[in-house]
Amino acid sequence: MKTLLTILFCMAGMLLQAQIKPVQLQCEHLPNPLGIDTPEPRLSWQLKDDRYGALQQGYQVIVGTDSAAVAAGNGNVWDTKEVASDRMMVCYDGPELSPFTRYYWKVAIRDKDREVRTSDVAAFETGMMHVANWKGTWISDGHELRGKSIHDKSAPYFRKEFTPAKKIASARAYIAVAGLYELYINGEKIGNHRLDPMYTRFDRRNLYVTYDVTANLQNGGNAFGVLLGNGWYNHQSTAVWYFDRAPWRNRPTFCMDVRVTYEDGTVETITTNNTWKTAPSPLIFNSIYTAEHYDARLEQPGWNKTGFDDAGWKRITLRAAPSQHVVSQQLYPIRNVEKIPVKSVKKIDDYTYCYDLGRNIAGVTEFRVKGEAGTVITLEHGELTDENGRLRMKNLNEHYRPTDDSDPFQKDIVILSGNGEDVFMPKFNYKGFQYVEVKSNKPIELTEDNLTGWFMHSDVPPTGSLETSDPLINKIWWATNNAYLSNLFGYPTDCPHREKNGWTGDGHIAIETGLYNFDAITVYEKWLADHRDEQQPNGVLPAIIPSSGWGYDWGNGLDWTSTIAIIPWSIYEFYGDSRLLRDCYDNMKLYVDHVTDLSPDGLTDWGLGDWVPVKSKTPVRFTSSIYYYVDATILANTAKLFDRQEDYRKYSALAEKIKKAVNDTYLNTETGIYGEGLQTEQSVPLQWGIVPDAYRQKVADNLAKRVIADGSHIDVGLLGSKAILNALSENGYADLAFTVASQQTYPSWGYWIAKGATTLYEAWTVEPGKETSLNHIMFGEIGAWFYKALGGIRIDAKAPGFKNTLLKPQFVKGLNAANVSYESPYGVIVSNWERKGKTVRYKVVIPPNSKAELYVPAGYVLKKAQLASGEKVELNSFSDQVYELVAGSYQLELKM
């Protein structure tokens, strides 16, 4: 028996050893991406090693063009050789990468025992690399030349047939579009992306998407089909932001190269040129902002297949490129992510039905129906119904300025073919809604099965999870994530219906919520490129990005457009990746220098202020000056990071000047009160480090008194909502912060939940007839606070990317348990606690090659520490209340 146990033990040990290796290999923060344009792509990995104290002592990255050779440890392109380092992200530093080339790579690391552990082989494939490598030309449907215009409502089809000369080994399609598109080969839609390419400032930067179409091409005849939509490029709907007057506006256009490599190694490129043909599609109107209109009678079966008779189709028109900057789209795409079944349907009369999805989403509906040819059915989408069960749209169409009744807001129009079942789902539009009112011009019988909702958003992988003993907290967290995803469409938006704008203030307020919950770096890197495109020579940024030109003279300012500094710095803190900071460094300087020119005394009133407050209004000069300080501080820290000493001294001095000006003007040092002592006035200086150390506790005490005086409810707007919970919980008032966060009466997040919310709202009030948007992310900081306070998973600015985690859980009154996890660049951090009486059992997981500092909450002492295996462990102590945790899984016991 002893021998058998020994054998089993040895086998288990061998299995564990075999499982230790680098995993999660990514290039440019994506797994095995196609179409990389970056000359020095970032290569990153994690270490799978569950052992106590797991770490990496060195690495070797190998890159080559032969997968078998790379697997064997031979790279013909780049070999770092062994580097003594614990870094888990490196930038490619080999010979210049060639376009249209598949590179294979792997990493070998030395573990804590100096054993070599080798990853599986990963890959990345370069795209165009340079705009000069495009062979095709931009084409459109030529309506401008035929007396039509940008006001033509039909979406155009394009097609071309192709017969390969030899046997195909591989094929890639590279398609750049101004507008939106769907690509088909031999009748099949290529890929599952929605609303490609992402929205940019089209006259300054265009994106292309790469597809592996090897399996879609035949060795015989092939047909390419493209359907173009307007998107933001040809915005026909009219609203207060004037996208219909955008300087780039034109009919949609595209350029495509299909690069076919034959088995003999030769290459043929099929391009967009004057041999393509075009015709109108059944999509008779499409607007990214309002809706789509579809006439099923106009379908042309087989239009994207070989053998189709296109004799009646027109020749295309050649177009100039919208910009000279055509780059690869490298981010997680928009998809139909979640299918939402109908919760209930109410028949209003023989012509009208109202569907309820049971939750608020961003996306589209898929509608299936049979009926007589010419039957007109409308599908109107909204967030509210009246007492009769009819859709109520007043809260959504406030900013819409229609010129006639042909483009109703969030109302799709479908005209039936009469040929069996018609299926409709918008291709180039999305909406924000919970309810859908379906109305026919003829009597119709509908059931729940006729309609399905699809939750659409950028399909960013989840990184965080939270579950507590309080169902309300769980619902707030879920609703916050729903609101965040509903407003992530290749750029962060404010709402998915009435605006769809990239409001900068909403974006930076929600950045931590986004990054704790989702791997969203690729979306933010794209959005900050939009910032760089939009910045004026004097440094000014618009309030919404991208912009048609609106927002340069209203809505922008320090409290909103500080995105140019806050978001790159947040990305650096969460990922330990400084590339976005480097890309935006000059833009940050330009922005801060412009503000300095306008505000020589260190104070500025440029901004919107504490937007949508409950009742008390904080002076704009106060909050904008603090964000000026934030930007200057980030700029100084970035300069230090990049060893730009002169800039570091300059902006450090500027930050101190601003800090002194704010405190001299607003802080009563005798009382510890800023201004009138409002919640925003007390919490924002605490949040952003404005308060001198000697007065910090006094300011926090006054904040707590003010909150209690306000009934332990919030009295803040957008800027205060970012600060209030953090300022309390980080300064000795975690219990009060939780009381505020878990309120169920007005004004509070829980009040929305009590009213049936499944997303966050735009305003604290929920008065019938006076509602605003019911799907806004701007008050979403609470989602990040759950991780920082209840889980205690906090960033260490000295070791960004969670190389070292500051673990500061708050065992707040009113909550008996919290299970919180976050997947950092090193792996999953777990912080789970449960209280029973005066004892807290605390489970902690620190991923390999990282560590943590555990701060035991005041009033508790650490009584027992052991590993998940049950083995006791002695923790290194920095003080009575602070302990070092190396990588491993822990079971701790704390007592009051």
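Between which helices is the loop where Lys-500 is found? Select helix H3 (471-486) and helix H4 (504-509): Lys-500 is in the loop between them. Helices here are DSSP runs of H or I with at least four residues, strands are runs of E with at least two, and both are numbered from the N terminus.

Before going further, note that this is a predicted model, with residues numbered from 1 along each chain as its sequence is written. Local features need pLDDT of at least 70 and side-chain atom pairs count only at pLDDT 80 or more, while totals for chains, interfaces and linings use all residues; side-chain values use heavy atoms, with hydrogens and water left out.

**Stop 1: backbone exceptions**

Most residues other than glycine have a negative phi, and most peptide bonds are trans. Stay on Lys-500, which is not a glycine yet has a positive phi of about 65 degrees. Lys-500 is also buried, with a relative accessible area of 0% (buried means under 20% relative accessible area, exposed over 50%, and partly exposed in between, with a 1.4 Å probe and protein chains only).

Next, select Ser-712, in the loop between helix H13 (696-709) and helix H14 (718-729). Ser-712 is not a glycine either, and its phi is positive, about 55 degrees. Its relative accessible area is 14%, so Ser-712 counts as buried.

Two cis peptide bonds can be picked out as well. One joins Asp-196 and Pro-197, with omega about -10 degrees; Pro-197 has its place in the loop between strand E13 (188-189) and strand E14 (206-212). Another joins Ile-545 and Pro-546, with omega about 0 degrees. Look for Pro-546 in the loop between H6 and helix H7 (558-561).

**Stop 2: helices H6 and H9**

Select helix H6 (residues 521-534) together with helix H9 (residues 579-598): their axes come within 10 Å and cross at roughly 15 degrees. Axes are lines fitted to C-alpha atoms, for helices over the stretch in contact, and angles run from 0 to 180 degrees between N-to-C directions. That makes H6 roughly parallel to H9 (under 35 degrees is roughly parallel, over 145 roughly antiparallel, 65 to 115 roughly perpendicular, and the rest oblique). The crossing of H6 past H9 is left-handed, a term used if the near helix is turned anticlockwise from the far one by less than a right angle; clockwise is right-handed.

**Stop 3: aromatic pairs**

Show the rings: the structure holds 54 aromatic pairs. Rings of Phe, Tyr and Trp (its six-membered ring) pair if their centres lie within 6.5 Å; planes under 30 degrees apart count as stacked, over 60 as edge-to-face, and the rest as tilted. In one of these pairs, Phe-574 and Tyr-822 meet edge-to-face, at 6.3 Å centre to centre and with 85 degrees between the planes.

Why does this pair tie together parts that are 248 residues apart in sequence? Because Phe-574 lies in helix H8 (residues 563-575) and Tyr-822 in strand E39 (residues 817-824). Phe-574 is buried at 0% relative accessible area, and Tyr-822 is buried at 3%.

Move to Trp-752 and Tyr-761, whose ring centres are 5.4 Å apart and whose planes are at 40 degrees, so this pair is tilted. Both residues, Trp-752 and Tyr-761, are buried. Then select Tyr-199, Phe-202, Trp-232, Tyr-233, Phe-243, Trp-248 and Tyr-491, which ring pairs link into a cluster.

**Stop 4: charges over rings**

Arg-582 lies over the face of Phe-642, 4.0 Å from the ring centre. At Tyr-855, the charged end of Lys-808 sits over the ring, 4.6 Å from its centre. The criterion is NZ of Lys or CZ of Arg within 6 Å of the ring centre and within 35 degrees of the ring normal.

**Stop 5: helix H17 and strand E44**

How many residues of helix H17 (residues 782-790) are buried? The helix is mostly covered, with 9 of its 9 residues buried, including Trp-785, Phe-786 and Lys-788. Just after H17, select Gly-792, where phi is positive at about 70 degrees.

Finish in strand E44 (residues 882-895), where Gln-891 is found. Gln-891 counts as partly exposed, at 33% relative accessibility. Add Arg-841: Gln-891 and Arg-841 are 50 residues apart in sequence, but 7.2 Å apart in space, C-alpha to C-alpha.
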